[in-house]
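Q: Please take a close look at one strand and its pairing, then at one side chain elsewhere in the chain. Set both against the chain as a whole.

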Amino acid sequence: MSPTILEIKLSELTENQWEEVLKELKPSIHKVDRDATDIWYAFYPLALHRFLERAEDPEKAAQEFVLQGKYKLSDNIDESHDFLYGHRFWADVKHAIAARAEAFDKEELNLLEEMRAIAKSVSAGSNVEESLVVGITFVGLMTLNQTGLEKFSETPRDISKPKGILSGSPDQIIESRSKEPGQGFFGFLKTIDKEYKVRWDENDKKATFKVIHDEEIASGAARDQSREWRARDERCKEGEGVIPVECRAAACGTCWVGVIGGAEKLSDVERLEKKQVKVFGYKQEEEARPTIRLACQARAEGSVSIVLPPWNGVFGKKIYGVEEVRLRPATSTAAKQRQAIAEALSENE
């Protein structure tokens, strides 16, 4: 199947151009999905996709980047965005984008205008507030860009119904994200031993664990042994929790997370975390408390809602030209990983 004109035009846009469009769109995205859309894009970076797509041996390239987990968007077309409120409109968005791809015949593409036009048509057809479908429209066009129309269209359109707090209204979801657990009559006076809640899947009411004031969220996750975490995700280690962790020293990058609610309730990004996130290749906003964090470094000052990426790796130097920081890993597994990383990064020096 030959690519459509729209696919060709999308493929000509740079990562920076996509990022500028998302920046322009953000004020028109409902608050419930504003950070979630940013996080989704960080989870599926265009530069990594294109590098692997053009590699002579994609599997070898993935090994060189020590990629672990499900990093291909093409294998996760209909589920990658289930943490967005707009996920519930995915079938309509897919239909609108596929139809637009077939009909598009312009010589020039204004991506911002296309996104707004598609979101407007979905809004009218579904009788839903336009701001609630803008974010998922961005997701849809980027998914088309990374997968191609044939694969994009052939995947099932049966979308799972939102569960947990995501089954509520946008305002209810936003309120749930900022709600703190009860601390008792004098709880408001406590600081050192004050407990907060971290929700790691808004589709599951039981997907939470506790952290205490100023504790790294990865440490709080490790105390929760209520499930067989490795059965859920093979990257999880015995004795740890739902968040994959190798080193606790910002040396491996396995514990990166997206903070979908409460980013302002985590500690400021310190120099080491800020540098290492770039080394790994994860896009992090230039803010004191961004939405992409390393769970072993971010300390809790309140309750937060996070999203767990389905993969991790190290590709910052090869793709973005970021210099590596040499660190001593805390575990033998992490040491092996760091050795592989060092070898990968030094190959083209």
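A: Strand E3, residues 208–212, turns Phe-209 and Val-211 to its covered face, while Thr-208, Lys-210 and Ile-212 form the uncovered one. The model is predicted, with local features requiring pLDDT of at least 70 and side-chain atom pairs pLDDT 80 or more, whereas totals for chains, interfaces and linings use all residues. Numbering starts from 1 along each chain as its sequence is written, and side-chain values use heavy atoms, without hydrogens or water.

E3 runs antiparallel to strand E2 (residues 195–199), to which 5 bridges join it; strands pair if DSSP finds at least two bridges between them. Arg-199 has Thr-208 of E3 as its bridge partner.

Elsewhere, Arg-235 occupies the loop between helix H12 (229–232) and strand E4 (256–261). Helices (H or I, at least four residues) and strands (E, at least two) are DSSP runs numbered from the N terminus. Arg-235 has a relative accessible area of 9% and is therefore buried, a term that means under 20% (1.4 Å probe, protein chains only). Its side chain makes a polar contact with that of Asp-233 at 2.7 Å, and one of its polar atoms lies 2.8 Å from the backbone oxygen of Pro-309. A polar contact is a pair of N or O atoms within 3.5 Å; within protein, one must be able to donate a hydrogen and the other to accept it, and residues adjacent in sequence count only if both atoms are side-chain atoms.

In the chain as a whole there are 15 helices and 7 strands, and buried residues make up 53% of its 349 residues.

How values were computed: Buried means under 20% relative accessible area, exposed over 50%, partly exposed in between (1.4 Å probe, protein chains only).
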